[in-house]
Amino acid sequence: MESKNGTGKKVYLYETVADAIETDLLNGAFDKKLPPEQALCEKYCVSRSILREAMKILNERKLINTVVGSGAFIIRPDVEDMSAVFLRFMNMYDVDVLDAYDCRIALETSAAAMAALNITESQLAELEQLYVRTNNPDLSSADRREADYQFHMNIINASGSTMMMFIAGAMGFIFRDIIVTSRAIGKESGKGSVGHEGILNAIKEHDSYMAEHMMYVHLKSGRAVMEERIRSLHLADENGALRPVTYRMIHGIIDVDEPAVNNGDA
């Protein structure tokens with residue numbers, strides 16, 4: 001059986017049933033698994049054949065995992081699932097890395113403001129430890145980069161915003177690569193550490209406005225470094241407009257590693 005929706009597209013009954021089950025699933029109508037097949041047929045007033053087609057759609061949407069003999073278990077999407085979607089989006093649509101950087105700025109400035117108000121003592125202590133690790137010249141550049149990344153992610157986590165944490169986790173791969181890129185380009189020694197220090201002090205003082213401001217200045221500085229490198233590689237047209245550098249190209253604008261003397265970050 002089929003019908004047409006408002007767009008004139010044919011909609012089959014099993015698609016409608018799949019949508020209905022998905023809605024109930026997202027609304028918390030089920031716990032860890034769906035009811036038995038017969039119960040679902042009665043609930044949605046359909047035959048077993050229609051239900052089975054609907055279940056195939058739910059499997060394709062990665063909402064359930066059907067195990068023969070055990071039933072259909074509900075899958076709760078995690079950050080890794082969303083991260084894979086973001087990565088495909090970045091690559092398929094050739095997203096400009098500077099566009100991604102702007103998205104990061106918008107997210108992290110708000111997160112810093114919220115973190116200044118919501119951070120706990122334990123979170124603050126961990127943030128201070130990461131600050132020290134980020135600027136420890138005795139650590140390898142890889143360890144300092146990881147501490148840099150975790151410093152920023154911990155601020156997002158300290159914001160207390162579930163959506164911010166989820167989005168940042170899903171985009172973690174691009175955030176990490178942006179940090180690696182900006183550090184590897186070779187900012188002046190200590191320039192980035194001042195940015196981290198200002199952010200940390202504002203959060204310690206629970207100064208929401210200053211935390212947001214310091215994060216904005218800090219990240220805009222990192223973006224400017226990346227933009228300067230793009231221009232230096234003549235990735236601009238005759239009018240000076242930057243040509244897009246996509247995520248797939250990002251590692252082509254940096255050296256293999258950051259200079260040993262660089263204590264900066266992004």
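## Rings, charges and a buried glutamate

Let's begin with how the chain's contacts are spread: among those between residues at least 6 apart in sequence, 72% join residues at least 24 apart. Keep in mind that this is a predicted model. Its chain has 266 residues, and 42% of them count as buried. The secondary structure comes to eleven helices and four strands. About 14,200 Å² of the chain is exposed, with carbon and sulfur atoms supplying 55% of that area.

### Aromatic pairs

How many aromatic pairs does the structure hold? There are two aromatic pairs. One of them joins Y12 and Y14, and this pair is stacked, with 5.6 Å from centre to centre and 5° between the planes. The planes lie under the 30 degrees that a stacked pair calls for. In the F89 and Y93 pair, the ring centres are 5.0 Å apart and the planes meet at 35°, so this pair is tilted. To describe a pair of aromatic rings, we use both the distance of the centres and the angle of the planes.

Now look at how accessible these four ring residues are. The table gives the value for each one.

| Residue | Relative accessibility | Class |
|---|---|---|
| Y12 | 31% | partly exposed |
| Y14 | 24% | partly exposed |
| F89 | 42% | partly exposed |
| Y93 | 59% | exposed |

Why does Y93 count as exposed? Its relative accessibility is 59%, and exposed means over 50%. F89, its partner in the tilted pair, has 42% and therefore counts as partly exposed.

### Charges over rings

Rings can also have a charged partner, and you can find two examples here. The charged end of R104 sits over the ring of F175, at 5.9 Å from the ring centre. R176 lies over the face of Y149, and here the distance to the ring centre is 3.8 Å.

### A closer look at E108

Find helix α5, which covers residues 97-118, and you will find E108 in it. Is E108 buried or exposed? With a relative accessibility of 1%, E108 is buried, because buried means under 20%.

Which residue shares a side-chain polar contact with E108? The partner is H152, and the contact is 2.7 Å long. Leaving aside neighbours within four places in sequence, E108 is in contact with H152, I156, F175, M215 and L219. One of these, F175, is also the residue whose ring lies under the charged end of R104.

Definitions and conventions
Residues are numbered from 1 along each chain as its sequence is written. This is a predicted model: local features need pLDDT of at least 70, side-chain atom pairs count only at pLDDT 80 or more; totals for chains, interfaces and linings use all residues. Side-chain values use heavy atoms; hydrogens and water are left out. Rings of Phe, Tyr and Trp (its six-membered ring) pair if their centres lie within 6.5 Å; planes under 30 degrees apart count as stacked, over 60 as edge-to-face and the rest as tilted. Buried means under 20% relative accessible area, exposed over 50%, partly exposed in between (1.4 Å probe, protein chains only). A charge sits over a ring if NZ of Lys or CZ of Arg is within 6 Å of the ring centre and within 35 degrees of the ring normal. Helices (H or I, at least four residues) and strands (E, at least two) are DSSP runs, numbered from the N terminus. A polar contact is a pair of N or O atoms within 3.5 Å; within protein, one must be able to donate a hydrogen and the other to accept it, and residues adjacent in sequence count only if both atoms are side-chain atoms. Contact means heavy atoms within 4.5 Å. Accessible areas come from the Shrake-Rupley method with a 1.4 Å probe; for residues, only the protein chains shown count as cover.
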